[in-house]
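Please open the model in your viewer and keep the selection panel at hand. This tour goes from one selection to the next and says, at each stop, what is there.

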Amino acid sequence: DVGQSMLILAEGLVDILVVPDAGGAARSIARRHPGQPIGEMSLLTGGRRSATARALTDVVAFEIAREHLEPLLESRPGLAGALSWLVAERRLHQAEASSDLSAEQDGQQTKRLSDQILSRMRALFRGALDDRRAG
């Protein structure tokens with residue numbers, strides 16, 4: 001589904017799982033700890049969720065809905081660029097695309113993907129972001 005919110009983990013541990021397109025068993029690709037976001041990729045880009053979260057312990061999390069995020073993006077212009085970079089790094093990690101790249105190539109690929117994600121965020125959050133303030 002398309003994410004309408006994301007979570008910020010306050011307490012506990014969460015496993016991030018993906019299920020292969022061809023079916024089969026879910027595989028763990030990451031673990032989230034307190035202070036880390038869950039579900040940010042879908043919320044920030046308007047895309048479909050690409051992974052499933054499974055609590056490994058009791059969890060306390062804070063939900064941030066799109067309508068909560070828009071005022072933050074308006075008041076903190078640099079936040080969109082930082083979030084797009086985070087999403088780009090996560091997406092590359094999830095795809096395991098950066099494992100064979102040098103640090104410079106990895107940085108360049110992250111920058112390109114971050115720019116693409118920022119563009120999608122600008123389209124999704126039209127009222128909150130414009131080219132003069134975001135990034």
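Begin with the whole protein chain, in which 33% of the 135 residues count as buried. Keep in mind that this is a predicted model. If you colour the chain by secondary structure, you should be able to pick out four helices and six strands, and following them from the N terminus gives the run β-β-β-β-α-β-β-α-α-α. Among the contacts between residues at least 6 apart in sequence, 72% join residues at least 24 apart.

**First stop: the sheet**

Select β1, β4 and β6 together, and you have an open sheet of three strands whose order is β4-β1-β6, with antiparallel pairing. The edge strands are β4 and β6, each of which pairs on one side only. As background, strands of a sheet pair through backbone hydrogen bonds, either parallel or antiparallel.

Now look at the two pairings in turn. Between β1 and β4 there are two bridges, in the antiparallel sense, and if you select Leu 7 you will find that its bridge partner in β4 is Ile 38. Between β1 and β6, which also run antiparallel, there are six bridges. Ile 8 is a useful residue to select here, since it stands opposite Pro 37 in β4 and opposite Phe 62 in β6.

Stay with β6 and select Val 60, which is found in that strand. Is Val 60 buried or partly exposed? With a relative accessible area of 35%, Val 60 is partly exposed, because that value falls between the 20% and 50% cut-offs. Leaving aside neighbours within four places in sequence, Val 60 is in contact with Ile 8, Leu 9, Ala 10 and Glu 11. If you draw a distance between the C-alpha atoms of Val 60 and Glu 11, it should read 4.9 Å, although the two residues are 49 apart in sequence.

**Second stop: strand β2**

Move next to Leu 17, which lies in strand β2, residues 14-18. Its relative accessible area is 9%, so Leu 17 counts as buried, the limit being under 20%. Which residues is Leu 17 in contact with, leaving aside its neighbours within four places in sequence? They are Ala 26, Arg 27, Ser 28, Ala 51, Thr 52 and Arg 54. Arg 31, which is 14 residues from Leu 17 along the chain, has its C-alpha atom 9.0 Å from that of Leu 17.

**Third stop: the nonpolar cores**

Turn now to the helices and select Leu 44, Leu 73 and Met 121, which have the most contacts inside the largest nonpolar core, a set of 17 residues. Helices α1, α2, α3 and α4 each supply at least two residues of this core, and α3 gives the most, with five. In soluble globular proteins, nonpolar side chains tend to be buried together.

Centre the view on Met 121 and show what surrounds it: apart from neighbours within four places in sequence, Met 121 is in contact with Leu 44, Ala 80, Leu 83, Ser 84 and Leu 129. Apart from the largest core lies another, of seven residues, among them Leu 9, Val 14, Ile 16 and Val 18.

While you are among the helices, select Thr 45, which is found in α1. Thr 45 has a relative accessible area of 5% and is therefore buried, being under the 20% limit. Not counting residues up to four places away in sequence, Thr 45 touches Val 87, Arg 91, Ile 117, Arg 120 and Leu 124.

**Last stop: the largest pocket**

Finish by selecting Ile 16, Ile 38, Gly 39, Glu 40 and Ala 51, which lie nearest the centre of the largest pocket among the 22 residues that line it. About 320 Å³ of space lies in this pocket.

Which elements each supply at least two residues of the lining? They are the strands β1, β3, β4 and β5 together with the helices α1 and α3. If you colour the lining by residue class, it should show ten nonpolar, seven polar and five charged residues. Two residues here have appeared before: Ile 38 is the partner of Leu 7 in the sheet, and Ile 16 belongs to the core of seven residues.

Definitions and conventions
Residues numbered from 1 in each chain as written. Predicted model: local features only at pLDDT ≥ 70, side-chain atom pairs only at ≥ 80, totals over all residues. Heavy atoms only, no water. 1 Å grid on protein atoms, 1.4 Å probe; cavity = no way out; pocket = protein on both sides within 12 Å on 5 of 7 lines; lining within 4 Å. Points joined across faces, edges and corners; volume = space filled by probe spheres on them. Nonpolar A, V, L, I, M, F, W, Y, C, P; charged D, E, K, R; others polar. Core = buried A, V, L, I, M, F, W, Y, C linked by side-chain atoms within 4.5 Å. Buried < 20%, exposed > 50% of the residue type's maximum accessible area, 1.4 Å probe, protein only. Contact = heavy atoms within 4.5 Å. Pairing = 2+ DSSP bridges.
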